[in-house]
Amino acid sequence: MSTQRWRIGVGSDDAGYEYKATLLADLDADPRVELVEDFGVGAGETTSYPEIGLAVGEAVADGRLDRAVLICGTGIGMAISANKVPGVRATTVHDSYSCERSVLSNDCQIIALGQRVVGIELARRLVREWLGYEFDPASPSNAKVGVISDYEQRTSA
């Protein structure tokens, strides 16, 4: 379990706005969180999910944020967008096990949720659980994550 205080970004398109507002408040109140940054959208605004996913991915990749939560209708488009940023590992989560393994096995910095896929109480629970996980570089998974990182470095140069 993690003892780190996280710098977290939260972003959504209009299909994830309602969950974003709730998750922002939860994260802001969590003692494990040092900083929460809202990447939009605002009430009544429309911004396409790739713009949000890419902006959040860049903030994680450049070290301004440690982790992030993205919300859209399914979570899929946000995860795909964030994964286009070199150095970012993002995935959708929809249950406790996938949430846990996203960090412990894959060192994902970003989780994506679907407002049309998971209920709000499950989304809140997943984010609370996710804050408690920290990747162990001494784990056997580190070599596997290294293969991904090495490939990315070779092909994005």
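Before I start: two strands count as paired if DSSP finds at least two bridges between them. I'm working on a predicted model here.

**Entry: one strand pair**
I looked up strand S1 (residues 6-12) and strand S3 (residues 67-72), and they pair in the parallel sense over five bridges. I then picked Val-10 and asked what its bridge partner in S3 is. The partner is Val-69. Note to self: strands of a sheet pair through backbone hydrogen bonds, either parallel or antiparallel.

**Entry: the whole sheet**
Next I wanted the order of the strands in the sheet. I read S2-S1-S3-S5-S4, so five strands make an open sheet with parallel pairing. Which strands stand at the edges? I found S2 (33-38) and S4 (90-92) there; each has a single partner strand, so one side of each has no neighbour in the sheet. On average, neighbouring strands of this sheet are turned by 20° against each other, direction ignored.

**Entry: along the chain**
I counted six helices and five strands in the protein chain. Starting at the N terminus, I wrote the elements down as β-α-β-α-β-α-β-α-β-α-α.

**Entry: overall shape**
How does the radius of gyration fit a compact globule? For 157 residues I'd expect a value near 15 Å, and the protein chain has 15 Å, so the two agree. Along the principal axes, I noted that the C-alpha trace spans about 45 × 35 × 25 Å.

**Entry: inside and outside**
I saw that 46% of the 157 residues count as buried. The protein chain exposes about 7,700 Å², and carbon and sulfur atoms supply 51% of that. Among contacts with a separation of 6 or more, 74% come from residues 24 or more positions apart.

Methods
Residues numbered from 1 in each chain as written. Predicted model: local features only at pLDDT ≥ 70, side-chain atom pairs only at ≥ 80, totals over all residues. Heavy atoms only, no water. Helix = DSSP H or I, 4+ residues; strand = E, 2+ residues; numbered from the N terminus. Axes fitted to C-alpha atoms, helices over the stretch in contact; angles between N-to-C directions. Rg over C-alpha atoms; globule rule 2.2 N^0.38 Å. Buried < 20%, exposed > 50% of the residue type's maximum accessible area, 1.4 Å probe, protein only. Contact = heavy atoms within 4.5 Å. Areas by Shrake-Rupley, 256 points an atom, 1.4 Å probe, with all protein chains shown as cover.
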